[in-house]
Amino acid sequence: MAQRLHLVFGGELVSPTKNVFKDVSKIHMVGMFPDYATAFNAWKAEAQRTVDDAHMRYFIAHIHRLRDEAQPGSATEELGA
């Protein structure tokens, strides 16, 4: 069975109505997690910690969805980039 990695990250947004970070260099990488349940717990802890700041937002990225080992690689991947 393939690993189902999840990345939890967040930071300050330009506006609470848009998912655009104010400063990408200041994105908080919470961590990589082996399953959704542990990623959700980490996301929830960070979201609750920053609940009073409307501009702070945390996300869960489903890293396992970015790459399907059964599919051929991209042209960039084949170049070794």
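The following exchange asks how several descriptions of this predicted model are justified.

Me: Why is T50 called buried?

Reply: The relative accessibility of T50 is 11%, and because the term buried applies under 20% relative accessible area, T50 counts as buried. This residue is found in the loop between α1 and β3.

Me: What makes M56 and Y58 contacts of T50?

Reply: Contact requires heavy atoms within 4.5 Å, and T50 touches M56 and Y58 on that basis, when residues up to four places away in sequence are not counted.

Me: How do you know that β1 and β2 are paired strands?

Reply: Two strands pair if DSSP finds at least two bridges between them; 5 bridges join β1, residues 6–12, to β2, so the pairing condition is met. The two strands run antiparallel, and F9 stands opposite M29 in β2.

Me: What makes β2 and β3 the edge strands of the sheet?

Reply: The open sheet is formed by 3 strands in the order β2-β1-β3, with antiparallel pairing. Both β2 (28–33) and β3 (56–62) pair on one side only, which is what places them at the edges. On average, with direction ignored, neighbouring strands of this sheet are turned by 15 degrees against each other.

Me: How does helix α1 lie relative to the strands, and at what angle does α1 run to β3?

Reply: Helix α1, residues 36–49, lies across β1, β2 and β3, and its angle to β3 is about 170 degrees. Angles are taken between N-to-C directions and run from 0 to 180 degrees, so a value of about 170 degrees falls towards the upper end of that scale. Along the sequence the pattern is β-β-α-β-α, with 2 helices and 3 strands in the chain.

Me: Why are V8, F33, A39, A42 and I60 called a nonpolar core?

Reply: A nonpolar core is a set of buried residues of listed types, among them Ala, Val, Ile and Phe, joined through side-chain atoms within 4.5 Å. V8, F33, A39, A42 and I60 make up the largest such core, with 5 residues in all. Leaving aside neighbours within four places in sequence, A39 is in contact with H6, V8, F33 and I60. In soluble globular proteins, nonpolar side chains tend to be buried together.

Me: How many residues does the chain have, and what percentage of them is buried?

Reply: The chain has 81 residues, of which 22% are buried. About 6,100 Å² of the chain is exposed, and carbon and sulfur atoms supply 56% of that area.

Conventions: Residues numbered from 1 in each chain as written. Predicted model: local features only at pLDDT ≥ 70, side-chain atom pairs only at ≥ 80, totals over all residues. Heavy atoms only, no water. Buried < 20%, exposed > 50% of the residue type's maximum accessible area, 1.4 Å probe, protein only. Helix = DSSP H or I, 4+ residues; strand = E, 2+ residues; numbered from the N terminus. Areas by Shrake-Rupley, 256 points an atom, 1.4 Å probe, with all protein chains shown as cover.
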